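Subject: Structure handover, with notes on a strand and two pockets

Dear colleague,

I am passing on the structure we spoke about, together with some notes that I hope will be of use at your bench. Please open it alongside this message and read the two together.

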Amino acid sequence: MRSTCCCMKASLSILPVTGSMRSKIRGDLGQTIVYSKAKLLRVGAMELQLQCQCGQVRARLSHMQPKTVNRAVCYCRFCQSYLRFLGQEAAFADTQGGTDVFQMSPRDVTFESGFELIRAVKQTEKGAARYYAGCCNTPLFNGVQNLKVPFLGVFTGSIQGFDEPRNADDAIGPVRARVNKQTDEQWAQPNADRMSVLRMLLHVARLMLFWFVRGDAKHSPLCADNGQPRLSVERIRVKT
């Protein structure tokens, strides 16, 4: 991973971990051997700012670095139809119709403002829960409807300071794989081969096991103190 200095020069929205945060991380590392064996947290971790287009919804993403997240591009028709539903195809889909997202633990998400403006929808009864800012229809992240599964897929385009591709590569790493390809053009993109997808799936499995053992689901900002979801997920019908 390139140095954090390059990313800092490009945007003040990408911040290095402070001394106090490092102390907390070291304290957390002493609580379970899973941390030391997985070696997921490093001194170079960053904080990122998740923000909707109008600025009313903001959240802080902590402990971000390539080895603690998984970045991928999805070409599935559900992601494409979801962006059409929001009217955000031009802003969040690439020229081949792919959506750039990165998977992370909900434990590392802290909302700073606008949580009451977030809306949640699903396209199928058991499909992904998709969260967006109701104020401006900005897609924020996807997740599993069962909040006991610690998993969020954040839209890379909603991160402040990622206007330059280099910034995203520094903070969360390059795209590991491209999934759900539908056309020859999509298959021809970098990291679209089956081996890249397999390596990505192994990385995701390792991350999710780590998050599950650590109990990250209990610290999700989407859960109330009693463990119930803070947001209801509405079923929408959009042509795929």
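What follows covers one strand and its neighbours, and then two pockets.

Please keep in mind throughout that this is a predicted model.

I began with strand 8, which spans residues 129–133. Is this strand buried or exposed? All 5 of its 5 residues are buried, taking buried as under 20% relative accessible area, so strand 8 is largely enclosed by the rest of the structure. The cover extends to both of its faces, since Ala129, Tyr131 and Ala133 are buried on one side, while Arg130 and Tyr132 are buried on the other.

Strand 8 has a pairing partner in strand 7 (residues 118–122), to which it is joined in the antiparallel sense over 4 bridges, and within this pairing Ala120 is found opposite Tyr131 of strand 8. The connection between strand 7 and strand 8 is a hairpin of 6 residues.

Strand 8 also runs antiparallel to strand 9 (residues 138–143), with 5 bridges between them, and here Tyr132 has Pro139 of strand 9 as its bridge partner. These two strands likewise form a hairpin, with 4 residues between them, and Asn137 in that turn has a positive phi of about 65°.

Strand 9 appears again at the largest pocket, where it is one of the elements that each supply at least two residues of the lining, the others being strand 4 (70–74), helix 4 (77–86), strand 5 (99–104) and helix 8 (194–214). The largest pocket holds about 520 Å³ of space, and among its 26 lining residues those closest to the centre are Cys74, Cys79, Gln103, Asn142 and Asn180. By class, this lining is made up of 16 nonpolar residues, 9 polar and 1 charged.

The second largest pocket has a volume of about 310 Å³ and a lining of 17 residues, with Arg71, Phe92, Asp100, Thr156 and Gly157 lying nearest its centre. Strand 4 and strand 5 each give at least two residues to this lining, as do helix 5 (89–92) and helix 6 (165–172). Which element provides the largest share of the lining of the second largest pocket? That share, 3 residues, comes from helix 5. The lining of this pocket divides into 8 nonpolar, 4 polar and 5 charged residues.

With best wishes

Terms used: Residues numbered from 1 in each chain as written. Predicted model: local features only at pLDDT ≥ 70, side-chain atom pairs only at ≥ 80, totals over all residues. Heavy atoms only, no water. Buried < 20%, exposed > 50% of the residue type's maximum accessible area, 1.4 Å probe, protein only. Pairing = 2+ DSSP bridges. 1 Å grid on protein atoms, 1.4 Å probe; cavity = no way out; pocket = protein on both sides within 12 Å on 5 of 7 lines; lining within 4 Å. Points joined across faces, edges and corners; volume = space filled by probe spheres on them. Nonpolar A, V, L, I, M, F, W, Y, C, P; charged D, E, K, R; others polar.
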